[in-house]
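I opened this notebook to record what I looked up in one structure, entry by entry. The entries go from an open space to the packing around it and then to single residues.

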Amino acid sequence: MILSDSRILEEIEKGTIIIEPFKRECLGTNSYDVHLGKYLATYKSRVLDAKAHNEIEHFEIPKDGYVLYPGTLYLGVTVEYTETHGHVPFLEGKSSTGRLGIDIHATAGKGDVGFCNTWTLEISVAQPVKIYAGMPIGQLIYFVVEGKIETMYNSKGNAKYNNKTTRPVESMMWKNRF
């Protein structure tokens, strides 16, 4: 079950969903619009190694925009910091974003209950497209959780993305044992 606009507002009032900054005009019928932050990052190496710490370079999106090109994975970040203490958040691209040929996540569209942070975006494009800091980039939808949650994400000792940030975060796959 997906939360409606009125139910999202109820959960914000109860403190089980936190969105900062929150703007009422960004609340849709059953979603909340999020915006592209001012930082992007790209990997330093063109060949990535899942067992290695692949370093990234951050840069700020210029005020007059930045052109993204196919063949490069860009890491972006949402302006919005969110906390979800009783629901499963999903981040999806907006249809207007998709119609520009922009994908905002390769595979990581689901957050865990207890995720408290900005969202790192895994951005790729079908053709060159100019993007801007602050542009609408995606939407959060919230699903009801069935059953008691034993361990919230923000209380897991091995959670890899718990450090609060306003910049994109690189893959932490290298911290897994395999």
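Entry 1, the pocket. The model I am working from is a predicted one. I began with the lining of the largest pocket, which I sorted by class and found to hold 12 nonpolar, 11 polar and 7 charged residues. For the volume of this largest pocket I noted about 850 Å³, and of the 30 residues that line it, the closest to its centre are Ala108, Glu122, Tyr153, Lys160 and Tyr161.

Entry 2, the core. Which residues have the most contacts inside the largest nonpolar core? I listed Leu36, Leu68, Ile102, Ile123 and Ile131, in a core that has 29 residues. I then looked up the elements that give two or more residues to this core, and they are strand S1 (17–20), strand S2 (32–35), strand S11 (120–125), strand S12 (129–131) and strand S13 (136–144). As background I wrote down that nonpolar side chains tend to be buried together in soluble globular proteins.

Entry 3, two leucines. Setting aside residues up to four places away in sequence, I found that leucine 36 touches a list of residues that includes Ile61, Val77, Val79, Leu121, Ile123, Ile131, Met135 and Ile137. Leucine 40 lies in strand S3, residues 39–43, and I recorded its relative accessible area as 0%, so leucine 40 is buried. With neighbours within four places in sequence left aside, the contacts of leucine 40 include Phe59, Ile61, Tyr66, Leu68, Ile123, Ile131 and Pro168. I looked separately at proline 168, which is 128 residues from leucine 40 along the chain, and the C-alpha atoms of the two are separated by 6.5 Å.

Entry 4, aromatic rings. A search of the whole structure gave me 6 aromatic pairs. In one of them, phenylalanine 59 and tyrosine 66 have ring centres 5.0 Å apart and planes at 50°, so I entered the pair as tilted. Phenylalanine 59 is partly exposed at 23% relative accessibility, and tyrosine 66 is likewise partly exposed, with a relative accessible area of 28%. I also noted that Phe59, Tyr66 and Tyr74 form one aromatic cluster.

How far apart are the ring centres of phenylalanine 115 and tyrosine 153, and at what angle are their planes? I read 6.1 Å for the centres and 55° for the planes, so this pair is tilted. Phenylalanine 115 sits in the loop between strand S9 (102–103) and strand S10 (116–117), and tyrosine 153 in the segment after S13, so the pair ties together parts that are 38 residues apart in sequence. Both phenylalanine 115 and tyrosine 153 are buried, and I had already met Tyr153 among the lining residues closest to the centre of the largest pocket.

Entry 5, histidine 87. Is histidine 87 buried or exposed? I found a relative accessible area of 5%, which puts histidine 87 under the 20% cut-off and so makes it buried. Histidine 87 is in strand S8, which covers residues 87–93, and beyond four places in sequence it touches residues that include Leu3, Arg7, Glu11, Val113, Tyr142 and Phe143.

Entry 6, glycine 93. I stayed in strand S8 for glycine 93, which counts as partly exposed at 32% relative accessibility. Not counting residues up to four places away in sequence, glycine 93 touches Ile104, Ile137, Gly138 and Gln139. For glycine 93 and histidine 105, 12 residues apart along the chain, I noted 8.0 Å between the C-alpha atoms.

Entry 7, methionine 135. I placed methionine 135 in the loop between S12 and S13, and at 15% relative accessibility it counts as buried. Apart from its neighbours within four places in sequence, methionine 135 is in contact with Val34, His35, Leu36 and Ile102. The C-alpha atoms of methionine 135 and threonine 97 are separated by 9.6 Å, with their positions 38 residues apart along the chain.

Entry 8, the loop between S1 and S2. Proline 21 is found in this loop, and I noted that a cis peptide bond, with omega about -5°, joins glutamate 20 to proline 21. Lysine 23 is in the loop between S1 and S2 as well, and it is partly exposed, with a relative accessible area of 42%. I closed with lysine 23 and aspartate 33, which are 10 residues apart in sequence and 9.3 Å apart in space, C-alpha to C-alpha.

Key: Residues numbered from 1 in each chain as written. Predicted model: local features only at pLDDT ≥ 70, side-chain atom pairs only at ≥ 80, totals over all residues. Heavy atoms only, no water. Core = buried A, V, L, I, M, F, W, Y, C linked by side-chain atoms within 4.5 Å. Buried < 20%, exposed > 50% of the residue type's maximum accessible area, 1.4 Å probe, protein only. Helix = DSSP H or I, 4+ residues; strand = E, 2+ residues; numbered from the N terminus. Contact = heavy atoms within 4.5 Å. 1 Å grid on protein atoms, 1.4 Å probe; cavity = no way out; pocket = protein on both sides within 12 Å on 5 of 7 lines; lining within 4 Å. Points joined across faces, edges and corners; volume = space filled by probe spheres on them. Nonpolar A, V, L, I, M, F, W, Y, C, P; charged D, E, K, R; others polar. Phe/Tyr/Trp six-rings, centres within 6.5 Å; stacked < 30°, edge-to-face > 60°.
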